[in-house]
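I opened the model to look up its core, its chain contact and a few helices. My notes are below, in the order in which I went through them.

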Amino acid sequence: MTKRGALERVLFYLFGGLAVLSSLSMVTRRNPLGSALSLVVAFLSLAALYAVLKAHLLFAIQLWVYAGAVMVLVLFVIMLLNLRESESRPQPLGFGRFAIATVAVAGVGWKALSVFAEQTGDAVTVDDSFGTVAGVGEVLFTRWVLQFEVVSILLLAVIVAVVVLVKRRA
Amino acid sequence: MVGLNEWLILSGILFLIGAVGVLTRSNGLILFMSLELMLNAVNLSFVAFSRFTGRMDGQVFVFLVTAVAASEAAIGLAIFVNLFRLQKSVDVDQLNSMGD
């Protein structure tokens, strides 16, 4: 058990650190393409963290939907618009603005993080169905079935809306 | 074992990094990606709470948030494509008109 706990700790710091570093890289990059690739790394490390937390279904969904579908869409739009060329006018990153926002967010965030730090608790022992398709599916289709149906309507509306938005006017 | 507080702090740090991105960047696409990062940070805390309480409702919520985030990505990027056709730029600092 302690060996397993040590492995969990190593994975937490490895992928947690990777997630923090790549998201910092995402926020500070000038080129949107570099930002997007950094964000892919952040999403992949979050998927690994879900696996550490025994959320197997969400591990797969994170890979498919975020690191796969959403990021392909973002990269596709970046390349379609050819943003590097459109940003030929060199923009200063605005270190003043960056510093002010960092201080403001850190001031608010410090309070939140100190509350988080007081949360204690140990991981409970869970059975084999925890986080699997069967386990999550059972909760989804017994307690949250209305929300699931609402999301399906939302997705249908989004499909129609995107086609209408992007269609070129004749 | 990694404690609940460490998971929550990691989630909080990622959320704050995303918030700094939303507040500072003027490129619409990077702003949008920072927003996605903030959603993911919240998802991480949902999954952590799910693991530490043994209930899977948190994971169901992550599932629903993922669906909403994917919808938001599709709509948001469609808006940016339209914006780029109109203004030849996705710089949100230059947006000062809702008409043409």
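These entries go from the core to the contact of the chains, then to helix pairs and single residues.

Entry 1, status. I note first that this is a predicted model.

Entry 2, core. I looked up the largest nonpolar core and found 67 residues in it. The residues with the most contacts inside this core are Leu39(A), Tyr50(A) and Val74(A) from chain A, and Leu29(B), Met33(B), Val47(B) and Ala48(B) from chain B. I then listed the helices that each supply at least two residues of this core: α1 (2-28), α2 (32-52), α3 (56-81), α5 (95-117) and α6 (133-143) in chain A, and α1 (4-24), α2 (28-53) and α3 (57-87) in chain B. With 12 residues, α2(B) gives the most to the core.

Entry 3, Tyr50(A). I asked which residues Tyr50(A) touches, not counting those up to four places away in sequence. They are Ala55(A), Leu58(A), Phe59(A) and Gln62(A), together with Val47(B) from the other chain.

Entry 4, contact of the chains. I counted 72 residues from chain A and 61 residues from chain B in the contact. On the side of chain B that touches chain A, the elements giving two or more residues are α1, α2 and α3 of chain B. The largest share of that side comes from α3(B), with 21 residues. By class, I have 39 nonpolar, 17 polar and 5 charged residues on the side of chain B.

Entry 5, α1(A) and α1(B). How do the axes of α1(A) and α1(B) cross? They come within 9 Å and cross at roughly 10°. Angles under 35 degrees count as roughly parallel, so α1(A) is roughly parallel to α1(B). From α1(A), the contact is made by Phe12(A), Gly16(A), Ala19(A), Val20(A), Ser23(A), Leu24(A) and Val27(A). From α1(B), I listed Glu6(B), Leu10(B), Ile13(B), Leu14(B), Ile17(B), Gly18(B), Val20(B) and Gly21(B). The classes in this contact are 10 nonpolar, 4 polar and 1 charged.

Entry 6, α6(A) and α3(B). The axes of α6(A) and α3(B) also come within 9 Å, with a crossing at roughly 80°. The two helices are therefore roughly perpendicular to each other. In α6(A), Val136(A), Val139(A), Leu140(A) and Arg143(A) meet Asp57(B), Gln59(B), Val60(B) and Phe63(B) in α3(B). I sorted the residues of this contact into 5 nonpolar, 1 polar and 2 charged.

Entry 7, α3(B) by itself. I found 31 residues in α3(B) and a reach of 44 Å from its first C-alpha to its last, close to the 45 Å expected at 1.5 Å a residue. Lys88(B) follows α3(B) and has a positive phi, near 60°.

Entry 8, two residues of α3(B). Val65(B) has its place in this helix. Is Val65(B) buried or partly exposed? It has 16 other C-beta atoms within 10 Å, so Val65(B) is partly exposed. Beyond its neighbours within four places in sequence, Val65(B) is in contact with Leu39(B) and Asn43(B). The C-alpha atoms of Val65(B) and Asn43(B) are separated by 7.6 Å, at 22 residues apart along the chain. I also looked up Glu72(B), found in α3 of chain B. With 16 C-beta neighbours inside 10 Å, Glu72(B) counts as partly exposed. Glu72(B) and Glu36(B) are 36 residues apart in sequence and 9.2 Å apart in space, C-alpha to C-alpha.

Entry 9, α7(A). This helix covers residues 145-166 of chain A, 22 residues in number, and reaches 32 Å from its first C-alpha to its last, close to the 32 Å expected. The number buried in α7(A) is 0, so α7(A) lies largely in the open.

Definitions and conventions. Residues are numbered from 1 along each chain as its sequence is written. Chains are lettered from A and ligands numbered from 1 in the order in which they are written. This is a predicted model: local features need pLDDT of at least 70, side-chain atom pairs count only at pLDDT 80 or more; totals for chains, interfaces and linings use all residues. A nonpolar core is a set of buried Ala, Val, Leu, Ile, Met, Phe, Trp, Tyr and Cys residues joined through C-beta atoms within 7 Å. A residue is buried if 20 or more other C-beta atoms lie within 10 Å of its own, exposed if 12 or fewer, and partly exposed in between; C-beta atoms are placed from the backbone. Helices (H or I, at least four residues) and strands (E, at least two) are DSSP runs, numbered from the N terminus. Two residues are in contact if their C-beta atoms, placed from the backbone, lie within 7 Å. The expected span of a helix is 1.5 Å times one less than its number of residues. Ala, Val, Leu, Ile, Met, Phe, Trp, Tyr, Cys and Pro count as nonpolar, Asp, Glu, Lys and Arg as charged, and the others, Gly among them, as polar. Axes are lines fitted to C-alpha atoms, for helices over the stretch in contact, and angles run from 0 to 180 degrees between N-to-C directions. Angles under 35 degrees count as roughly parallel, over 145 as roughly antiparallel, 65 to 115 as roughly perpendicular and the rest as oblique.
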